[in-house]
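Let's take a walk through this structure together, one stop at a time. Have the sequence and the 3D view at hand as you read.

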Amino acid sequence: AAKERGKGGHFVYVPGMTTRIVAHAELGARLRDAIDAGQLYLQYQPIVRLDDGRTVGTEALVRWRHPELGTIPPGDFIPAAEQTGLVVPLGRFVMREACAQQARWRRELGAAAPSYVSVNVAGRQLTDPDFVGDVLAALADADLDPIHLTIEVTETAVVDEAAIAALQQLRDSSVRIALDDFGTAASSLGLLLTCPVTALKLDRSFVSEITTVARQEAVATAVIRMAQALDLDTVAEGIETEPQARMLRHLGYRYGQGYLYSKPLAPEDLAERSRTPAPAFAGLAVRH
Ligand code: C2E
Ligand code: MG
Ligand code: MG
Ligand code: MG
């Protein structure tokens, strides 16, 4: 613990540190208080069209503004929230907030608004009996058409038939379903037959070295071929360099997200970016 205290005894945040705090039985109460105290907030990362850099959607990503520890990333508290079940109220907050924000952008930006917001949902949420009703209520209360919402689930989150049934009900209401971190879990392919998936998000572990590691390129190629055969959208995650983007476009990927285009943004910065008529990456359009 000493090394987590800076000179002068100030508490210094170390990534991963909260995972250890979380192990403490007290975290449940802390996170619940955090929701009530308004310490959780969302940032939105643009999802862009790879041919012209235009923002087509955003992914909502939760952060915890902790009074002493500063901003804590979700990787440090979502796993614990899943274990304690707190991810259910947390996820309800995220869903309501993201739908309200997407509706606000549509009112403020009109045609320049991103066309959808994509919200991460944990397995523990999918099996909650109130989940479908909560999502539909969030949409209705925000006055947002369900076509403007995508739900992101990982392959491991879709644990049983109840989870698939919940996704099917939402899909029947025109919500779209993306498989997040695609390719990193074991059960991916069977899910494409049983789950009403509309998009695959290629995990960034297949993008990081795509220009130099032949096996990454081979996996990315296999995924896009399969997605095209199944008529699914594809989003490549974690694009950090132009050569990666060029390779992904060449392979047929149409959408992507990553630091090359933008980090996750506050809502007002996302609005500002959407208002700008010429996207920063317009010059990168592929010329055949
Ligand atoms: P994810 O859903 O795969 O989200 C993408 C993560 O990659 C985000 O991290 C994002 O900031 C990061 N990222 C984006 N572009 C790049 C890039 O170019 N390079 C690198 N290295 N990273 C990039 P973040 O925000 O820390 O979120 C981590 C994970 O936490 C998410 O992974 C998701 O699984 C989970 N998460 C975030 N928000 C929520 C939420 O509201 N509910 C639930 N259940 N899980 C959430
Ligand atoms: Mg995601
Ligand atoms: Mg992801
Ligand atoms: Mg990922």
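Start with His66, which is buried, because its relative accessible area is 9% and anything under 20% counts as buried. His66 belongs to strand E2. Keep in mind as we go that this is a predicted model. To get your bearings around this histidine, look for Arg30: the two are 36 residues apart in the sequence, and their C-alpha atoms are 9.9 Å apart in space.

Stay with strand E2 for a moment, since it leads us to a salt bridge. Glu59 pairs up with Lys201, and their closest N and O atoms are 3.0 Å apart. This pair links distant parts of the chain: Glu59 is in strand E2, which covers residues 55-66, while Lys201 is in strand E7, residues 199-202, and their positions lie 142 residues apart in the count. Are these two partners buried or exposed? Both Glu59 and Lys201 turn out to be buried.

Strand E2 also brings us to ligand 1. Which strand gives the largest share of the shell around ligand 1? That would be E2, with four residues. Strand E6, residues 176-182, is worth finding too, as E2 and E6 each supply at least two residues of that shell. Ligand 1 itself sits in the largest pocket.

Now zoom in on the surroundings of the ligand. There are 22 residues around ligand 1, and the ones that come nearest are Arg63, Asn120, Asp180, Glu240 and Tyr259. Some of these make contacts you can pick out by eye. Arg63 places a polar side-chain atom 2.9 Å from an oxygen atom of ligand 1. On Glu240, an N or O atom of the side chain is 2.5 Å from a nitrogen atom of the ligand. With Tyr259 it is the backbone that takes part: one of its polar backbone atoms is 2.8 Å from an oxygen atom of ligand 1. How much of the ligand does the protein bury? Taken alone, ligand 1 exposes 810 Å², and the protein buries 82% of that.

Let's go back to salt bridges, of which the structure holds eight. Another one to look up joins Asp141 and Arg96, with the closest N and O atoms 2.6 Å apart. This pair, too, links distant parts of the chain: Asp141 sits in helix H6 (residues 131-142) and Arg96 in helix H4 (residues 87-109), 45 residues apart. Asp141 counts as exposed because its relative accessible area is 56%, and the cut-off for that label is over 50%. Arg96 has a relative accessible area of 37%, so it is partly exposed.

For a salt bridge inside a single helix, turn to H11, residues 267-275. There, Glu272 and Arg275 form a salt bridge, their closest N and O atoms being 3.6 Å apart. The two are three residues apart in H11, so about one helical turn separates them. Glu272 is partly exposed, at 48% relative accessibility, and Arg275 is partly exposed as well, at 46%. Elsewhere, Arg49, Asp51 and Asp52 are linked in a network of salt bridges.

Next, a look at the backbone. Most residues other than glycine have a negative phi. Asp143 has a positive one, near 60°, and it isn't a glycine. Where is Asp143? You'll find Asp143 in the loop between H6 and strand E5, which spans 149-154. Asp143 counts as exposed because its relative accessibility is 69%. Ser174 also has a positive phi, near 80°, in a residue other than glycine. Ser174 is in the loop between helix H7 (161-172) and E6, the strand that helps to make the ligand's shell. With a relative accessible area of 33%, Ser174 is partly exposed.

One last stop is Ala218, in helix H9, which runs over residues 214-229. At 45% relative accessibility, Ala218 is partly exposed. Look from there to Phe206: the two residues are 12 apart along the chain, and 9.2 Å separates their C-alpha atoms.

Definitions and conventions: Residues numbered from 1 in each chain as written. Chains lettered and ligands numbered in written order. Predicted model: local features only at pLDDT ≥ 70, side-chain atom pairs only at ≥ 80, totals over all residues. Heavy atoms only, no water. Salt bridge = Lys/Arg side-chain N within 4 Å of Asp/Glu carboxyl O. Buried < 20%, exposed > 50% of the residue type's maximum accessible area, 1.4 Å probe, protein only. Near = heavy atom within 4 Å. Polar contact = N/O pair within 3.5 Å; in protein donor to acceptor, adjacent residues only side chain to side chain. Areas by Shrake-Rupley, 256 points an atom, 1.4 Å probe, with all protein chains shown as cover. 1 Å grid on protein atoms, 1.4 Å probe; cavity = no way out; pocket = protein on both sides within 12 Å on 5 of 7 lines; lining within 4 Å. Sits in = over half its atoms within 2 Å of the grid points.
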